[in-house]
Amino acid sequence: MPRYEYRCRPCDSTFELNRPMAESSAPAVCPRGHEDTVKLLSTVSVGGSAAAPAAAPAPRGGGGCCGGGACG
Ligand SMILES: [Zn+2]
C-alpha cells in the first residue's frame with residue numbers, strides 16, 4: 001500500500017499515512033485529530049539526469065498550495 005505524506009497546518013508538522021491509492025486525495029486527519037491538512041508531493045525519485053526544476057515544484061513552508069486540501 002502506498003504511503004503518503006501530509007502536512008497538518010494547526011500542528012505545523014508532517015505525518016504519513018498508508019492508504020489505498022484511491023484514497024490518496026481523500027481528507028486526512030492528523031494524529032492529533034486536526035482535519036486542516038494538505039497532501040504533500042511524494043518524494044519518489046524520477047530517473048534521468050536532466051534537472052527539471054519547474055516540473056515538480058517542492059512544497060513550500062508557507063502553505064503556498066491552494067490550501068484546504070482542494071489541490072488533489
Ligand atoms: Zn494536527
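**A zinc site and its surroundings**

Okay, let's start at Asp-36: its relative accessibility is 31%, so it counts as partly exposed. Before I go on, keep in mind that this is a predicted model.

So what does Asp-36 do with its side chain? It meets the side chain of Arg-9 in a salt bridge, 3.0 Å from N to O. Arg-9 sits in the loop between β1 and β2, and Asp-36 in the loop between β2 and β3, so this pair ties together parts that are 27 residues apart in sequence. Arg-9 is partly exposed too, with 33% relative accessibility.

How many salt bridges are there in the whole structure? The search finds three. Another one joins Arg-3 and Glu-16, at 3.3 Å. Here Arg-3 lies in strand β1 and Glu-16 in strand β2, so parts 13 residues apart in sequence get tied together. Arg-3 is exposed at 55%, while Glu-16, at 44%, is partly exposed.

Then there's Arg-7 with Asp-12, whose closest N and O atoms are 2.4 Å apart. Is Arg-7 buried or exposed? Its relative accessible area is 15%, and buried means under 20%, so Arg-7 is buried. Its partner Asp-12, at 53%, counts as exposed.

Now, the metal. Which residues hold the zinc ion? The protein donors are the SG atoms of Cys-8, Cys-11 and Cys-30, plus ND1 of His-34, lying 2.0 to 2.3 Å from the zinc. If you look along the sequence, the donor residues follow the spacing C-x2-C-x18-C-x3-H. The angles between the four donor atoms run from 96 to 122 degrees, and that's why we call the arrangement tetrahedral. For reference, the ideal tetrahedral angle is 109.5 degrees.

Let's connect that to the inside of the protein. Cys-8 and Cys-11 are both buried, and along with Cys-30 they belong to the largest nonpolar core. That core has seven residues, and the others are Tyr-4, Tyr-6, Phe-15 and Ala-28. Strand β1, residues 3-8, gives the largest share, three residues.

Two of these core members deserve a closer look. Tyr-6 and Phe-15 are both buried. A search of the whole structure finds one aromatic pair, and it's Tyr-6 with Phe-15, stacked, with 5.7 Å between the centres and 20 degrees between the planes.

And last, Ala-28. Leaving out residues up to four places away in sequence, it touches both of those rings' residues, Tyr-6 and Phe-15, and also Leu-17, Arg-19, His-34, Glu-35 and Thr-37. His-34, remember, is one of the zinc donors. That's it from me!

How values were computed:
Residues are numbered from 1 along each chain as its sequence is written. This is a predicted model: local features need pLDDT of at least 70, side-chain atom pairs count only at pLDDT 80 or more; totals for chains, interfaces and linings use all residues. Side-chain values use heavy atoms; hydrogens and water are left out. A nonpolar core is a set of buried Ala, Val, Leu, Ile, Met, Phe, Trp, Tyr and Cys residues joined through side-chain atoms within 4.5 Å. Buried means under 20% relative accessible area, exposed over 50%, partly exposed in between (1.4 Å probe, protein chains only). Helices (H or I, at least four residues) and strands (E, at least two) are DSSP runs, numbered from the N terminus. Contact means heavy atoms within 4.5 Å. Donors are N, O and S atoms within 2.8 Å of the metal (3.2 Å for Na, K and Ca); water is not among the atoms, so sites may look incomplete. Four donors count as tetrahedral if all angles lie between 85 and 135 degrees; four count as square planar and six as octahedral if opposite donors are over 155 degrees apart and all others between 65 and 115; anything else is irregular. Rings of Phe, Tyr and Trp (its six-membered ring) pair if their centres lie within 6.5 Å; planes under 30 degrees apart count as stacked, over 60 as edge-to-face and the rest as tilted. A salt bridge is a side-chain nitrogen of Lys or Arg within 4 Å of a carboxyl oxygen of Asp or Glu.
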